[in-house]
There are 2 protein chains.
Amino acid sequence: MARIVMKFGGTSVADVKRIRQAALHVKREIEAGNQVSVVVSAMSGKTNELVGWTREAAPVHDAREYDAVVASGEQVTAGLMAIVLSEMGIPARSYAGWQVPIHTDDAHGSARITGIDATELDKRMNEGWVPVVTGFQGVAPSGRVTTLGRGGSDTSAVAVAAAVKADRCDIYTDVDGVYTTDPRIVPRARRMNKISFEEMLEMASLGAKVLMIRSVELAMAQKVRLVVRSTFDDPNAPQIAPDGTPGVPGTLVCDEEEIMEKQIVSGVTMARGEAKITLRDVRDRPGVAAAIFGALADESIIVDMIVQNVADDGSVTDITFTVPDGEYDKAIRTLQAAQNIEYAKIVGSKGNAKISVVGVGMRSHAGVAASMFKALADKSINIQLITTSEIKTSVLIDDEYAELAVRALHTYYGLDRQDV
Amino acid sequence: MARIVMKFGGTSVADVKRIRQAALHVKREIEAGNQVSVVVSAMSGKTNELVGWTREAAPVHDAREYDAVVASGEQVTAGLMAIVLSEMGIPARSYAGWQVPIHTDDAHGSARITGIDATELDKRMNEGWVPVVTGFQGVAPSGRVTTLGRGGSDTSAVAVAAAVKADRCDIYTDVDGVYTTDPRIVPRARRMNKISFEEMLEMASLGAKVLMIRSVELAMAQKVRLVVRSTFDDPNAPQIAPDGTPGVPGTLVCDEEEIMEKQIVSGVTMARGEAKITLRDVRDRPGVAAAIFGALADESIIVDMIVQNVADDGSVTDITFTVPDGEYDKAIRTLQAAQNIEYAKIVGSKGNAKISVVGVGMRSHAGVAASMFKALADKSINIQLITTSEIKTSVLIDDEYAELAVRALHTYYGLDRQDV
């Protein structure tokens, strides 16, 4: 017997028919003797509709009222899921965030969960009931309804899983797991059996948008094992893990300790539409980086890669960074208008792609960066920028070479499926 | 300074544009120095959509989950209304039923309000805020959300008005008041200035469907003065009562005491599609009526008029009643199948209309029934059935004559507008 939190995203509960499909997965787990709590998102599109109305009502409005409006979406799907489960003979009841209660701070619109009282959920599960909890929301100390911000339902699910001490938290979505890279670019991309929290964080922030970063961070902190799997798989098919063994289909996101064979490179990711901006001969004094990136932050321009070379003579240096293509002109204007930055000139270009390789094995394996550069050089791909972290190496290249680079690296690091 | 509860129905909050129009009425009252609480319905069509989903999820389902789903509609409009009011410079906040709290019993799907804690609403209004309360819902002793049943938002508004001791409860809807009869049939129908609760109850149950009967009953019991008026009137126009005096546009529904000149007949109403069923030579023994109407009630057949003549010789009698046309065949079958009713034969017909005249003046004025029959006889309209109550006289006639009868009675009792 295991205790499982099962989370269904917006496309998995888009209408009553799909809610029924999702409920069959719950039924399978219950019939296998497991205890289950369900966490649901709003029907896909509904949250956007509700958000649209609040904006139409007033472009700038009270976040508490935004929350009151937007939180209604999950209440609908939670109730419908409870009805469908009951119809299948599974005792179920819905809980709005305030009924659990899921306590949050009062940062309306992007609240953080401060604690979950698991008493009621615990009691219900022990009695064989399936509590169906609204994702994405909770209740502030003031007694008002809060929402957690976009994608918050994943975070709700992880928090509930931690509170009820679940053996795992299954995230049902419209993809069947986490892949070594985008299968649309590399048909030989493999679904991973396991991936560490750290790798998942690097993958998620790089464009493999399967799980919200916040939920992965929380899962890592609370040691909640996550499974990413598809709602649209046959609920009654034998449960087979990606490596062919009996187990949970999908990708397990877990502590590094659980992963026996650590890949040097687990995955290859790509982010397109990156603009590169270089400030030449920046006067290298303390606080200059703060001045540059502070000016950009003040304009809400999100900066991705940052590279600063060591100054030749200790007086001037070049600073290069990337922003989304759409922010390129604004970033240039912002820097030109800034009073307290001294530099010779600004140069830059749009239409670049960032390619990254991610893997916890890098920690104990030297030369990954070098091998990456060689693999790209073999295809005559010019590298413009390089950044590295403990488990990730990223390069910026011309967008035209993006798919070629991903395929080359995917093959080079032995990630290709052999059966295609 | 007056304290007013303003209730906006589904068509009045059908989209953000209309919510803005509704909010202008609130603004006018606030600027006139009044204290206001708002009660809102769900956007028109939304409740039907939500109810449809619960039925699709399972034809028979837990009413508690139905409530969890369906109550979400008003939360959306309450939040949007609060946003729009704030945008206009009027401090406002939304309250779900459980936040007020509006206490109800646990009859989910058709709960009754058992009490409203007015502390918070009172405090907010005294501070110049406008509380925006979700209609149609409350919270059960169990802490679960309840709904009051269809049209329950009117009842919510009246209950809130009673709790905060409002001077009146303005029901904003898509008609501009209560008319002496249906203006589509009688162009000379007049909007009434005032109507008593009792008359309104008789009018509402007879087809002048402006207010839910429950809300009128509650208003009468709690002595809450109601005004029925249109959201779509110009909010900035001078406020003129239907009698041409400065005052509240629309129809005031109030205690009989407030109405100086009591009309013998205040209005004429019509209900079509009535089937008439007569049981001939029913053995007249105690309990026979209970047996007949008990059998029909067991099949959920709603009976309207009931007439029983005195038995000639004290042994057999005729019993006639009406049901909706659609229930005619089922009613006949039900009576034929009933074991404990002795009668000679069943006869009946579909396609009749019930015409009623209503007026509190009838109480102190003899001969209204006689004058009504004369007015109909003058137009050669044959009367099939007659029932009377203290302030209402109804007749059943052939449906073909329905409009003619309404127009004749409307003119006969001096209800026609003179300016058309």
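Here are some exercises with worked solutions on a predicted model.

**Exercise 1. Find the domains of chain A and describe how they meet.**

Start with the bounds. The domain assignment splits chain A into domain 1, residues 3–257, and domain 2, residues 267–412. Next, see how far apart they sit: taken over C-alpha atoms, their centres are 34 Å from each other.

Now look at the contact itself. On one side there are 16 residues of domain 1 of chain A, and on the other 15 residues of domain 2 of chain A. On the domain 1 side, helix α7 (residues 197–205) of chain A gives the most, with 4 residues. Sort that side by class and you get 6 nonpolar, 4 polar and 6 charged residues.

**Exercise 2. Work out which helices chain B uses to touch chain A, and what kinds of residue lie on that side.**

Count the contact first: 27 residues of chain B meet 27 residues of chain A. Then go through the helices of chain B. Four of them, α1 (16–31), α2 (46–57), α3 (63–70) and α4 (72–87), each supply at least two residues to this side. The top contributor is α4(B), with 11 residues. By class, the side of chain B that touches chain A comes out as 14 nonpolar, 9 polar and 4 charged residues.

**Exercise 3. Work out what rotation and shift put chain B on chain A, and name the relation.**

Begin with the general idea: two copies of a chain are related by a rotation about an axis and a shift along it. Here, chain B lands on chain A after a rotation of 180° with 0.0 Å of shift along the axis, and the RMSD is 0.1 Å. That is the relation of a two-fold axis.

Where should you look for the axis? Among the residues of chain B, Ser72(B) comes closest to the axis, with its C-alpha at 2.5 Å. As a last step, compare the two contact surfaces: 100% of the contact residues of chain B recur in chain A, so the same surface serves both copies.

**Exercise 4. Is helix α3 of chain A largely enclosed or left open, and what covers it?**

Take the helix residue by residue. Arg64(A), Glu65(A), Tyr66(A), Asp67(A), Ala68(A), Val69(A) and Val70(A) are buried. That makes 7 of the 8 residues in α3 (residues 63–70) of chain A, so the helix is largely enclosed by the rest of the structure.

Then ask what does the covering. From chain A, the cover includes α2 (46–57), α4 (72–87) and β8 (145–147). Chain B joins in too, with α4 and β3 (92–95).

**Exercise 5. Describe the surroundings of strand β6 of chain A and find which strands pair with it.**

First check burial. In β6 (residues 130–134) of chain A, 5 of the 5 residues are buried, so the strand is largely enclosed by the rest of the structure. Val130(A), Val132(A) and Thr134(A) point one way, while Pro131(A) and Val133(A) point the other way.

Next, the pairing. Strand β2 (residues 35–40) of chain A runs parallel to β6(A), with 3 bridges. Strand β3 (residues 92–95) of chain A is also parallel to β6(A), joined by 4 bridges. Val132(A) turns up in both pairings: it is the bridge partner of Val38(A) and of Ser94(A).

**Exercise 6. Trace the two open sheets of chain B, and find their edges.**

Take the sheet with 8 strands. Its order is β3-β6-β2-β1-β9-β11-β12-β10 (chain B), with mixed pairing. At the edges stand β3 and β10 (194–196) of chain B, each with a single partner strand, so one side of each is left without a neighbour in the sheet. On average, neighbouring strands are turned by 25° against each other, direction ignored. Helix α6 (residues 152–163) of chain B lies across β1, β2, β6 and β9 of chain B, at about 170° to β1(B).

Now the sheet with 6 strands. Its order is β14-β15-β13-β16-β18-β17 (chain B), and the pairing is antiparallel. Its edge strands are β14 (306–308) and β17 (385–389) of chain B. The twist averages 30° from one strand to the next. Inside this sheet, β13 (residues 267–283) and β16 (residues 345–358) of chain B pair over 11 bridges, and Val268(B) has Val357(B) as its bridge partner.

Technical notes
Residues numbered from 1 in each chain as written. Chains lettered and ligands numbered in written order. Predicted model: local features only at pLDDT ≥ 70, side-chain atom pairs only at ≥ 80, totals over all residues. Domains from an automatic or database assignment. Contact = placed C-beta atoms within 7 Å. Nonpolar A, V, L, I, M, F, W, Y, C, P; charged D, E, K, R; others polar. Least-squares fit on C-alpha atoms with pLDDT ≥ 70 in both. Pairing = 2+ DSSP bridges. Axes fitted to C-alpha atoms, helices over the stretch in contact; angles between N-to-C directions. Buried ≥ 20, exposed ≤ 12 C-beta atoms within 10 Å, placed from the backbone.
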